[in-house]
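I opened the notebook with two topics to look up, cysteines and enclosed space, and I began with the cysteines.

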Amino acid sequence: MQYLSGIDRARRALEGGQRLPAGNLTTAVATSWQRCREYGLNPGSKPRDVVIPFSEVRQRRESNPLLRRLALAEMHNLYAQIAGSNFLIAFADPEGVILDTVSDQHFADSPPGKSIIPGSAWSETDVGTNALGLCLMEKSPIAVYGREHYFTRFGQISCMAAPILNAQGDVVGLIDASCSSEVRQQHTHALVKMAAATVENGLIYQESAGHFIFAFHPRAEYLDTLSSGLIAVSRDGAVASVNRPGQLLLAGLPTVNGIHFEALFDGKFDIAIESLMRGGVIRIQDLAGSSVFMVCRQIGSRNHTDTGADGVMAGSVRSRQVAIVRQQHDIGFVCQDAHLNHAMAGLAKATQLNMPIHLQGETGTGKELMARHVHNLSGRKGEFVALNCGAVPEALFISEIFGHERGAFTDANRDGAPGLARLADGGSLFLDEVSDIPLASQTSLLRFLDCMEVRPVGGKPGRKVDIQIISATNRDLTEMVANKQFRADLLYRLNAYTVKLPPLRRRQDFAEIVKRLVEELAPEAAITDAAVERLRRSDWPGNVRQLRGALQRALVRRYMEFIDEDSFDDLSVTDHVAGEVCDGCRGHPLNEHRCLEIRMVYASSGGNISETARTVGLSRTTVYKHLF
């Protein structure tokens, strides 16, 4: 007899049109399935593809900029905690329309990830049982795992959503974390609820900038946690808002806005304020007879009309910051590109054999970062010494590397100089832009590489040195050899092991590079997936160096809060996507033709997905799948 799990029995009944068995699903999911049946939804069919125009997405974002700013900050914190776990984090409005996403690239590239995009609607009536839609109906945190989704095609993802409520108890937004169903990290649901609670508390702080805010809890050690109650009170004692934990702690008491502090707590407001202003923790009873500890978290201001450039009250309390824990060993730079990883595979062995390492790549691709990584791989205890060969005058090049004796030449240091080769003894010597080494000096460098013996200018041969040689250039040395601009024997000596660094526009880990740079430039800032895709569509001739500058300008314009696709109006969209096809269409002639058409229209529209969708007669989701 075949054994069926609870979810197997439930799915068989659902897809067979039979009565749903009791006890195999949570009450919320079972009730949702029944509603979906009543809507006339077929679980085996394709759900409606509902994506609103991007102009409407922008309007929805602008309707509550404070909420969006707080939500994006928490999405960034949440992503930092689960980064590398194949997750997508989304912020949705009260109608279940996705406004922003932050995700791991692997999940973003998957079919489920490509359906969760800004503008996509996730109401239960359109896409069946899902965490966002169900969360809206229940007004409480919901998790929908794998095949608990009503539609069969969503059976490979798990979603955890939590509502963001305002002081009146209305849903003003949602935070959702989605992942592949096999991941099913139970603790993520708790993190999502914490993120939503932090946004709610942030709303109280920001919207009540001119009020006193008190934290209270029956246990003093919980006053600094998200389980503590928060109550915003005006200077005359009128209650402006109470957070959800506070309402639970004051259950049975009237916590409506405008009620006086003394209608909730036993004691005079003036006396309580005087005690709290001393900076300590007081003990007070509520009018239901429960004793709580209370502390002042914000002092009400007489003049609280000072606002920042983004319309948010100045001096407000920021959301908590969460330290980013990397899932892999941090080598100092992002390296999740398959081609680059393959090229780097033998670096450690090459350093063990003391082979010269040559790095080739365009300006700004991170050659010095890679050189320092090679130095670290070598395990050498000596210094990492770098020389930009193009910045040294031809007459001084040899003395710069090998040093010189006292009075060796005009204007020489009267005490002599040891030279960079001696300084790098036991470590690594990084020769950047070796293509600029004067031809006359290339012979001396070649001799040194053959014998590793330092001979100062004006002196006798000195001692041998033990150095890891690393060179780099942004030019084609083979072509220079053909043009007799570079010695062939020196090239063969330098390129014993070569690593070619791909330009930024070809990096498979582009999104991770962007997020790493944002983290370094402004740890408290967040960047949306839409912003990452906007950046991906530029050509970046200056590579990472140029990208860093673009992000810095965006952070300045956005007051270092968050970055979205509208932060890069000064960037031009390139058409390099127009000549390629997506992975799903490659190898299928008919599909390739359609894919190329979509990409060409997209490029000619200046990167406008909505206009592309209208032109080719497809949904925005379908267009998005072909582009990204």
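A disulfide, as I counted it, is a pair of cysteine sulfur atoms within 2.5 Å. Searching the whole structure by that rule, I found zero disulfides. I then looked up Cys179, which is in no disulfide, and noted that the nearest cysteine sulfur, that of Cys159, is 7.6 Å away. Cys179 is buried, with a relative accessible area of 0%, where buried means under 20% relative accessible area with a 1.4 Å probe and protein chains only. Cys135 is also buried, and its relative accessible area is 0%.

I reminded myself that this is a predicted model, in which local features need pLDDT of at least 70 and side-chain atom pairs count only at pLDDT 80 or more, while totals for chains, interfaces and linings use all residues. Residues are numbered from 1 along each chain as its sequence is written, and side-chain values use heavy atoms, with hydrogens and water left out.

Next I turned to cavities, each being a set of points on a 1 Å grid over the protein atoms alone where a 1.4 Å probe fits but cannot get out. I counted three cavities of 30 Å³ or more, and the largest holds about 130 Å³ of space, a volume being the space filled by probe spheres set on the points.

Which residues lie nearest the centre of the largest cavity? They are Ser103, Ala108, Asp529, Glu533 and Tyr624, out of 16 that line it, lining residues being those with an atom within 4 Å of a point.

Note on methods
On a 1 Å grid over the protein atoms alone, a cavity is a set of points where a 1.4 Å probe fits but cannot get out, and a pocket is an open set with protein on both sides within 12 Å along at least five of seven lines; lining residues have an atom within 4 Å of a point. Buried means under 20% relative accessible area, exposed over 50%, partly exposed in between (1.4 Å probe, protein chains only).
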